[in-house]
Amino acid sequence: MAEADGGGDAKAPLSSSIPSGKDTAWFDVSSLLHRACHDLQNDELITGENFNLFAAMSALEIMDPKMDSGIVSTYYSVDEAIENGAAPIPLSFDRTSDIQCVIDIMDHFLACEATWHKGGSLAQTVFSCTYLFRPERTSSHALLHSFCRVIRATCSALVSAVSDARTNEEEDLFTMAYGLPLKANGDEKCLSMIHAVDETLCRQLKACKAPVSKKTVLEDIEPLQTHLDLEEGFCKAVLCRIRFRKHFYHVLTCLRKPQGRGLELAKKHIISCLSELDSMLNTEEFLRHNSACGTVGNEDEKTTASGCQPVGFDSTLNSRSAAPTPPRAIKLLSWKKAVNYFQKLLHDLDVICSYPLDPVFDGAMRFAVDVQKFQPDLVARAHIQLLLVQDGKLYGRESLFAVICKAALLPEGAKNHDIQKTESVQQLGQLLVTLFRVLCANTAWQRRKLGKILQDWRIIYVQLELAFRKEFGEAASTPVEQDLLLTVCKHILIWVEEQTYWIALRFLMLGFELELYSTDEYCMVYWYIYIILIKLAEKTHLKIMLSNDSSRRKSKKKKDFVKDVGKDYQVPPVLQLLQCYTYVAQGLMMLLASLRNENKIFLCQGPFNSEHERFVQHFELLQKACLPDHASFFSFSETVTNIRFATVSMHNCFKDAQKITKDLRGGFANDPDRLAELRQIEQVAEHNHVALNLLCRLGSLEPSLKISFDFIHHPHFVTASVKRS
Amino acid sequence: MDGPDREAVEKCDGSESNSVAIAKKLIHGRMLIGIKDGRFFVGAFYCMDKQGNIILQDAVEYRSTRRSSPSPMEHRGVGLILIPSACRTSCHVDCSVQDQLSLLSLDHHD
């Protein structure tokens, strides 16, 4: 009989667990299919009418480890693993071994958690621990039980934070729990349990350190483990680990308090966390020296301080919970690297907590941009985002319309204007929220999104104009109302234009950070940056002038008006800084253009794309959004074609930039970040000026000169180096 | 029995053999396939090739929670899957008694 192998095995579950349909039964067709296979031609398939070969190619292949996440390896299920002693309670009947094992579990958890933060799946990392399942099992072991609870509570809080921030990047697999028990009943009491364990440990530590005479009084305290000479070391090792968990959980809960009310307290817990991490590192030698397993494997790869493998972890158990397909193979971070990861995370969170939460638009933008300099990871970035926009308000305090009014330099009363109820203005608010979210994303995703929203900002400008015209025609009846509406509209429109150019500028600058431009493309990039900066400065200037006009019209009489215009006006520092950048960009563009035209180097030539094609590739999104109008490859070519070293104005660009940086030092005296930025720009201008002078003198006379451009002083503006080869 | 000769004649004609025709009738039907590691997959029969590799559509994976049976079974959806013939240990289709009888009778003509 041509029954398939295992046909007998197949019968038992068939009848009970995998029911057939109503009035039907399972019928063995293996021999029929076997004959059909024999009769088929080599390239023939048995298919139905709507068969699609392309779709069929996407089928997951069973028993292929890369595609089949259900392959049975060690145990069929968590319960089977537990029944077979994979996660014993207690971990050892020898109390010293038990404590050593618990410490190893704590350390391994840290490594798993850091790996999870960095993009591993929960199932392969934190939930590879069998002890996290069936929480009632660990209740007899206070230390392990409270630790597991705080781990689950911490992970749950983090998943909630990252999900709320909706940082939907490639790291979104981070929040997928796929049915893992992220929350268990009673986890909310984890802190009180940890506290109780902390108290017990403190008493045990005190007892072991007490002089012999006092020991009689403290005799009723059972020591942590059996080797009294090691008691102090083990107590300290456990204490710093559970205290770290306690403080870290507090950091997360404080950060989530609305309107940033918990930031001060979060800072204190961050300091405690960092201190406990240092203590943990200090326990490494003791634990390694007194480990049960001796020296094992690679020092750099060990996931525990002792170097031992932890009990109760199996990442294959939950591979079915990882995703529909098996996740890519991951390597757990080593324990040391995990500690370093948490140190960096806490540092980044500390920076976030230190920012003054002044609900001012420019301040908030600077906050979002400046924090990115530390290259924060996903967890920190999610918290920045959650802090920035809460309940549709900036820092949960100021409505978006009020923020826009203030940023557009409108008078205080404007924020109550009815215009905020129009759909376009509400959409503008949404665009603002999107902008903040985008600025909190990782650099690559951020640049991509900034490019995409350029069109949205252009469109909203047009929509706002139309909406304002309509309001002017309909709602504003008295001259006073009309005057106010006109002011509000003008200010908002100019502000929208200013922000659009700011976004364009950031989009271009991030290209340097992502190394998207080759050196022979720098000329066109700096040209584009130059024209964007000009427009940005123009809009900023207009905004300030508009605001000055509005306030002057209100406060001054007509006869004094003309007299004051010339006297009062001083270029504000923010404009001067933009002018400075403009000079540097212009200088670099001209320097590179001269080198192309005279020395025939850094020419944008290649076998695949023409310079025009490369121009389109880089600036397509800006061109589509008409930023600015009439900018094109043609206008770029026209500008750079005739630039030579002899062009006099060129000499003044870097020099003018240097002059402005010196003048600005006073303007930014109380702003250390801005002062640092100024120093960087000054260096760029100075070094480029020297290089330019050298090249002007030597020009194309010395073919042995090697000219290179590097980001030595500033991440976005290159410095030229001229060397003899 | 003129089965093999008749088969040869049918192939020369370009028309498919009886077994192939019957197998084609099973397409889109509910199929249960047992795998070497003890798992079962139930899905709509989508495709089979000469080597006996089978594709199931909207498949559900069943497996027991313990190595030793009897034990409760877990299941989860796995979508479109390909089961290589080398891992296949059993193959059943869900059909009525009438269909079973007709399948048996058609089969015996070979």
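These questions and answers take up the contact between two chains, then strands and a helix, in a predicted model.

Q: What makes the pair Asp68(A) and Arg39(B) a salt bridge?
A: The cut-off is 4 Å between a side-chain nitrogen of Lys or Arg and a carboxyl oxygen of Asp or Glu. In Asp68(A) and Arg39(B), the closest N and O atoms are 2.6 Å apart. The pair therefore meets the definition. The count between chain B and chain A is 1 salt bridge.

Q: How many residue pairs are in polar contact between chain B and chain A?
A: There are 18 such pairs, with both residues at pLDDT 80 or more. A polar contact needs N or O atoms within 3.5 Å. On the side of chain B that touches chain A, several elements give two or more residues, including helix H1 (3–13), strand S3 (54–64) and helix H3 (97–108) of chain B. The residues of that side divide into 32 nonpolar, 12 polar and 17 charged.

Q: Which value gives the extent of the contact between chain B and chain A as area?
A: The size of an interface is often given as the accessible area lost when the parts come together. Here the area buried is about 5400 Å², with carbon and sulfur atoms giving 60% of it. In chain B, Lys50(B), Arg63(B) and Arg67(B) lose the most area to chain A, together 13% of what that side buries. By residues, the contact takes 61 from chain B and 61 from chain A.

Q: Why do strand S1 (residues 24–28) of chain A and S5(B) count as paired?
A: Pairing needs at least two bridges. S1 of chain A and S5(B) have 5 bridges, so they pass. Their sense is antiparallel. Thr24(A) stands opposite Ser96(B) in S5(B).

Q: What makes S4(A) and strand S5 (residues 393–394) of chain A a pair?
A: They are joined by 2 bridges, so the requirement of at least two is met. The two strands run antiparallel. Gln390(A) stands opposite Lys393(A) in S5(A).

Q: Why do strands S4 (389–390) and S6 (398–399) of chain A stand at the edges?
A: The open sheet has 3 strands in the order S4-S5-S6 (chain A), with antiparallel pairing. Strands S4 and S6 of chain A each have a single partner strand, so one side of each is left without a neighbour in the sheet.

Q: How do you know that helix H13 (residues 361–371) of chain A is largely enclosed?
A: Buried means under 20% relative accessible area. In H13(A), 8 of the 11 residues are buried, so the helix is largely enclosed by the rest of the structure. Among them are Phe361(A), Met365(A), Phe367(A) and Asp370(A).

Key:
Residues are numbered from 1 along each chain as its sequence is written. Chains are lettered from A and ligands numbered from 1 in the order in which they are written. This is a predicted model: local features need pLDDT of at least 70, side-chain atom pairs count only at pLDDT 80 or more; totals for chains, interfaces and linings use all residues. Side-chain values use heavy atoms; hydrogens and water are left out. Contact means heavy atoms within 4.5 Å. Buried area is the accessible area (1.4 Å probe) that two parts lose on being put together, summed over both. A polar contact is a pair of N or O atoms within 3.5 Å; within protein, one must be able to donate a hydrogen and the other to accept it, and residues adjacent in sequence count only if both atoms are side-chain atoms. Helices (H or I, at least four residues) and strands (E, at least two) are DSSP runs, numbered from the N terminus. Ala, Val, Leu, Ile, Met, Phe, Trp, Tyr, Cys and Pro count as nonpolar, Asp, Glu, Lys and Arg as charged, and the others, Gly among them, as polar. Buried means under 20% relative accessible area, exposed over 50%, partly exposed in between (1.4 Å probe, protein chains only).
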